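Colleague: I should like to go through this model with you, beginning with the protein and then turning to the DNA.

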Protein chains: 2
Amino acid sequence: MGDQVRRNMPLFPMGIVMQLTELSARQIRYYEENKLITPARSEGNRRLFSFNDVDRLLEIKSLLERGVNLAGIREVFEMRERGMQPLHPYYRKEPTEAELHNHLKKELYQAGRYGKASLIQGELSRFFN
Amino acid sequence: MGDQVRRNMPLFPMGIVMQLTELSARQIRYYEENKLITPARSEGNRRLFSFNDVDRLLEIKSLLERGVNLAGIREVFEMRERGMQPLHPYYRKEPTEAELHNHLKKELYQAGRYGKASLIQGELSRFFN
DNA sequence: AAATAAATGTAAGGATTCCTAACATTTATT
DNA sequence: AATAAATGTTAGGAATCCTTACATTTATTT
């Protein structure tokens, strides 16, 4: 339990995360804009990223490289949060039904391969122990 | 081996390290001035601290709270680096002989107690796994 | 193929964080 | 009391990051 706390501690500034993930500031901010990450902020409004944030960014990058778009990635994350059960159309809100689900399925289908393994392609935290 | 690499990665800016250690910027810079830590620098000359740096700072703080002065802490660190063998007066340079050794010994003597355990009193890295 | 949308680049202006240097203060040692 | 050690405080300047807006590239849709 304290583990999640630690992994969520706001620690890294933008510059470091850019190096760690090899993403541009623009990309990182755009992903935040799209609710894929929610880094903390300093008193002066600067982003402070946690291990979990960095992990997420690495995963986002990996999925993007596999051709999944941001909407798809959002789905993946939501699925994970809801406990791995894929969303049923019945529970969907407004804009879709099976479409999005199928779309995602299709996207993920041809993605069952290896990531680029740019350096770390999973959990950054596991990198530090 | 890659472990040491990771623990030496420059990751944290001054502000975060201040929070993590509850030390002032002045203190941290002063300890660097006295060769107790050697944080990396960004291209723009900003300090970037590693896990090892933070660990060291926490240890410095703990030793200071136990009454050890900076010279004593320097000795402790040197001893550790040289493989735990306490320095023999014979090998000392110029300014001292048994004095410093005794001084240190005396300092450490009344210090065989518990630290304040401000939050983390050992290895920060162990905090993240 | 043209239009639209998604993802990223780039630039400007401003705010925050950090830097060094210098001097002041507090605490301990001589 | 004088000196030294450790820390505080302030000033001026530089680096990093912020948001906003517009441009470009790439993919999708009509």
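The conversation below covers chain A, one of its helices and the two DNA strands.

Modeller: This is a predicted model, in which local features need pLDDT of at least 70, side-chain atom pairs count only at pLDDT 80 or more, and totals for chains, interfaces and linings use all residues. Residues are numbered from 1 along each chain as written, chains are lettered from A and ligands numbered from 1 in the order written, and side-chain values use heavy atoms without hydrogens or water.

Colleague: How many helices and strands does chain A have?

Modeller: Chain A has 6 helices and 2 strands (DSSP runs: H or I of at least four residues, E of at least two, numbered from the N terminus). Their order from the N terminus is α-α-α-β-β-α-α-α.

Colleague: And what percentage of chain A is buried?

Modeller: Of its 129 residues, 39% count as buried (under 20% relative accessible area; exposed is over 50% and partly exposed in between, with a 1.4 Å probe and protein chains only).

Colleague: Which residues of H3(A) are buried?

Modeller: Ala25(A), Ile28(A), Tyr31(A) and Glu32(A) are the buried residues there. They lie on the same side of H3(A) because they cover an arc of only 130° around the axis, taken from the directions from the helix axis to the C-beta atoms.

Colleague: What sits on the face turned away from that buried side?

Modeller: That face of H3(A) carries Arg26(A) and Glu33(A), which are exposed.

Colleague: Now the DNA. Which residues come nearest to strand D?

Modeller: Gly15(A), Arg46(A), Arg47(A), Ser24(B) and Arg46(B) come nearest, out of 20 residues around DNA strand D (near means a heavy atom within 4 Å). By class, the surface near this strand divides into 6 nonpolar, 7 polar and 7 charged residues; Ala, Val, Leu, Ile, Met, Phe, Trp, Tyr, Cys and Pro count as nonpolar, Asp, Glu, Lys and Arg as charged, and the others, Gly among them, as polar.

Colleague: Which element gives the most to that surface?

Modeller: H3(B) does, with 4 residues near DNA strand D. At least two residues each are supplied by H2 and H3 of chain A and by H3 of chain B, which spans 25-33.

Colleague: Which part of strand D meets the protein, backbone or bases?

Modeller: Sugar or phosphate accounts for 66% of the atoms of DNA strand D within 4 Å of the protein, and bases for the rest. Counting N or O pairs within 3.5 Å as polar contacts, the side chain of Arg47(A) comes to 2.3 Å from a phosphate oxygen of this strand. Ser42(B) places a polar side-chain atom 2.9 Å from a phosphate oxygen of DNA strand D. Arg46(B) instead has a side-chain N or O atom 2.8 Å from a base nitrogen of the strand.

Colleague: What surrounds strand C?

Modeller: DNA strand C is surrounded by 20 residues, the closest being Ser24(A), Arg46(A), Gly15(B), Arg46(B) and Arg47(B). The classes here are 6 nonpolar, 7 polar and 7 charged. H3(A) makes the largest contribution to the surface near DNA strand C, 4 residues.

Colleague: Where are its phosphate oxygens approached?

Modeller: A polar side-chain atom of Ser24(A) lies 2.5 Å from one phosphate oxygen of DNA strand C. Backbone N or O atoms also approach phosphate oxygens of this strand, that of Gly44(A) at 3.1 Å and that of Leu70(A) at 2.9 Å. Two or more residues each of the surface near DNA strand C come from H3 of chain A and from H2 and H3 of chain B. Sugar or phosphate makes up 67% of the atoms of DNA strand C within 4 Å of the protein.

How values were computed: Polar contact = N/O pair within 3.5 Å; in protein donor to acceptor, adjacent residues only side chain to side chain.
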